[in-house]
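Visitor: I should like a close look at a single part of this protein, a helix and its surroundings. Please describe how that part is packed and what lies around it.

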Amino acid sequence: MTISMQYEPVLDEAERLSREQIRDLQLVRLQSAVRHAYENVPFYRAKLGYAGVTPEDIRSLEDVRLLPFTTKEDLRQNYPFGMFAVPMDQVARVHASSGTTGRPTVVGYTHKDLDTWADLVARSLRAAGVRQGMRVHNAYGYGLFTGGLGAHAGIERLGATVIPVSGGQTTRQVQLITDFEPEVILCTPSYLLTIVDAMEAAGVDPRSTSLRVAVLGAEPWTNEMRHELEERLDIDAVDIYGLSEVMGPGVGNECVETKDGPHIWEDHFLPEIIDAESGEPLPDGEHGELVFTTLTKEAFPVLRYRTRDLTRLLPGTARPGMRRIEKITGRNDDMIILRGVNLFPTQIEEVVLGIPELSPHFILELTREGRMDSLCVRVEHAPGQSVESASPFAKVLAKQVKERVGSSVGVVVEPAGSLPRSEGKLKRLYDLR
């Protein structure tokens, strides 16, 4: 079953623009965005002044490289509202990160920002194959996290019916999917895996449900995970991309007819790829760190924000005027340096999902033995297996990780259901050093 066989693509006016038209629009909006940030955010006025840059220096899209980078630490240093470009009485909503590693990053939206956000999430959902009148089970978390409320507004803007379940209470999620018969589910890929397991535990065949499309994001996930979910649920699984510092969900989205990485909605966001070490810009097609400049944000404009997401820019396909990013499977801050080798949790995921005797549920434990770091993969056995029958495949996993990644890891096969389950964003790595 593929949605692309059931629905013709529905494109709005901006999605039909040529590459040249997109670039012309971006330049006008970039010049306006830089001036808005310079004139209304003291942080940017000082930072651009220190770099010797004024808004008048932005004469071409390439001139964005004259602007200094913005980092998450910059946002934290200006906590809570120091990065806002409008008075607080014009801020219609505030969101924030969890702040688990320090001060949260706080973002704000004017009414116009919220309107734009709803439009772009609706565009993203249309690209994923969602249509007016469909029922959408929204299992992204509601609250300060941008996922739940951002998706909610886009579902309503599209004209679909939103079921605002939020995250957690997995047994209830299964019951509501069974009773309300939604065609679409929105959540993180790891949480959808948890829901599928709960369906099977409740005696519900995941392939028999009403679900036809899953729009998944908020964490890196592999094409192997896509295949696992599509096979187990008989759905199309499509990647939605976004981050709160730039807007929230809906900065870009995969098109269901191609599933070849999210198209970035370049009428509102200017993407770049840079070398993560030197900060130098890289040409399209080369791997590096993704950087965004917002083009239309009023309350919270950001200039050259370093996302830490690792990917590359590619030509548009289903939306030729707008470039794609390759599916993000790692972040700078997810990277494990193990005995001189760079390793990402998604690389382990790719290998695990290729061994049928093992389940997709695993965690990574990083420990130190003497002066050397060690990584242990704790992975559950697959249904129909036991710890004893699956244990020989620990050596298979370790061997394949060594061959593909170039680093040795330990592997322990655990009983089914023994490892933590996702109820939102999944924690893969436990640093026990």
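Guide: The account below begins with one helix and then moves outward to its surroundings. The model is a predicted one, in which local features need pLDDT of at least 70, side-chain atom pairs count only at pLDDT 80 or more, and totals for chains, interfaces and linings use all residues. Residues are numbered from 1 along each chain as its sequence is written, and side-chain values use heavy atoms, with hydrogens and water left out.

The part chosen is helix α6, residues 170-180. Helices (H or I, at least four residues) and strands (E, at least two) are DSSP runs, numbered from the N terminus. The buried residues of α6 are Thr-170, Gln-173, Val-174, Leu-176 and Ile-177. Buried means under 20% relative accessible area, exposed over 50%, and partly exposed in between, with a 1.4 Å probe and protein chains only. These five residues lie on the same side of α6, because they cover an arc of only 165° around the axis. The arc is that of the directions from the helix axis to the C-beta atoms. An α-helix has 3.6 residues a turn, so residues three or four places apart point the same way. The cover over the buried residues of α6 includes β3 (135-138), β5 (184-187) and α7 (189-201).

The two ends of the helix deserve attention as well. Just after α6, Glu-181 takes a positive phi of about 55°. In the loop between β4 and α6 lies Ser-166, a residue other than glycine whose phi is also positive, near 70°. Ser-166 counts as buried, at 18% relative accessibility.

Strand β4 (residues 161-164) contains Ile-163, which counts as buried at 9% relative accessibility. Not counting residues up to four places away in sequence, Ile-163 touches Arg-135, Val-136, His-137, Asn-138, Phe-180 and Pro-182; contact means heavy atoms within 4.5 Å. By contrast, a separation of 38 Å lies between the C-alpha atoms of Ile-163 and Leu-343, which are 180 residues apart along the chain.

From β5, one of the elements that cover α6, the path leads to the interior. Leu-186 touches Leu-125, Val-136, His-137, Asn-138, Ala-139, Tyr-140, Ala-151, Ile-155 and Val-215, again leaving out residues up to four places away in sequence. Leu-186 belongs to the largest nonpolar core, which has 73 residues; those that touch the most other members are Tyr-44, Val-130, Leu-186, Val-215, Tyr-241, Phe-269 and Phe-292. Helix α4 (residues 111-127) gives the most to this core, with seven residues. A second, separate core of 23 residues includes Val-351, Phe-362, Leu-366 and Ala-390. A nonpolar core is a set of buried Ala, Val, Leu, Ile, Met, Phe, Trp, Tyr and Cys residues joined through side-chain atoms within 4.5 Å.

Helix α4 also holds two buried arginines. Arg-123 is found in α4 and counts as buried at 4% relative accessibility. Leaving aside its neighbours within four places in sequence, Arg-123 is in contact with Asp-12, Ala-14, Glu-15, Trp-265, Asp-267 and Met-322. Arg-126, likewise in α4, is buried with a relative accessible area of 18%. With its neighbours within four places in sequence left aside, Arg-126 is in contact with Val-10, Asp-12, Glu-15, Arg-131 and Leu-158.

Helix α7, which also covers α6, leads to an enclosed space. A cavity is a set of points, on a 1 Å grid over the protein atoms alone, where a 1.4 Å probe fits but cannot get out; lining residues have an atom within 4 Å of a point. Grid points are joined across faces, edges and corners, and a volume is the space filled by probe spheres set on the points. The largest cavity has a volume of about 90 Å³. Of its 14 lining residues, the closest to its centre are His-361, Pro-420, Ser-422, Leu-426 and Arg-428. The elements that give two or more residues to this lining are α7 and β17 (358-369), and β17 gives the most, with four residues.

Terms used. On a 1 Å grid over the protein atoms alone, a cavity is a set of points where a 1.4 Å probe fits but cannot get out, and a pocket is an open set with protein on both sides within 12 Å along at least five of seven lines; lining residues have an atom within 4 Å of a point.
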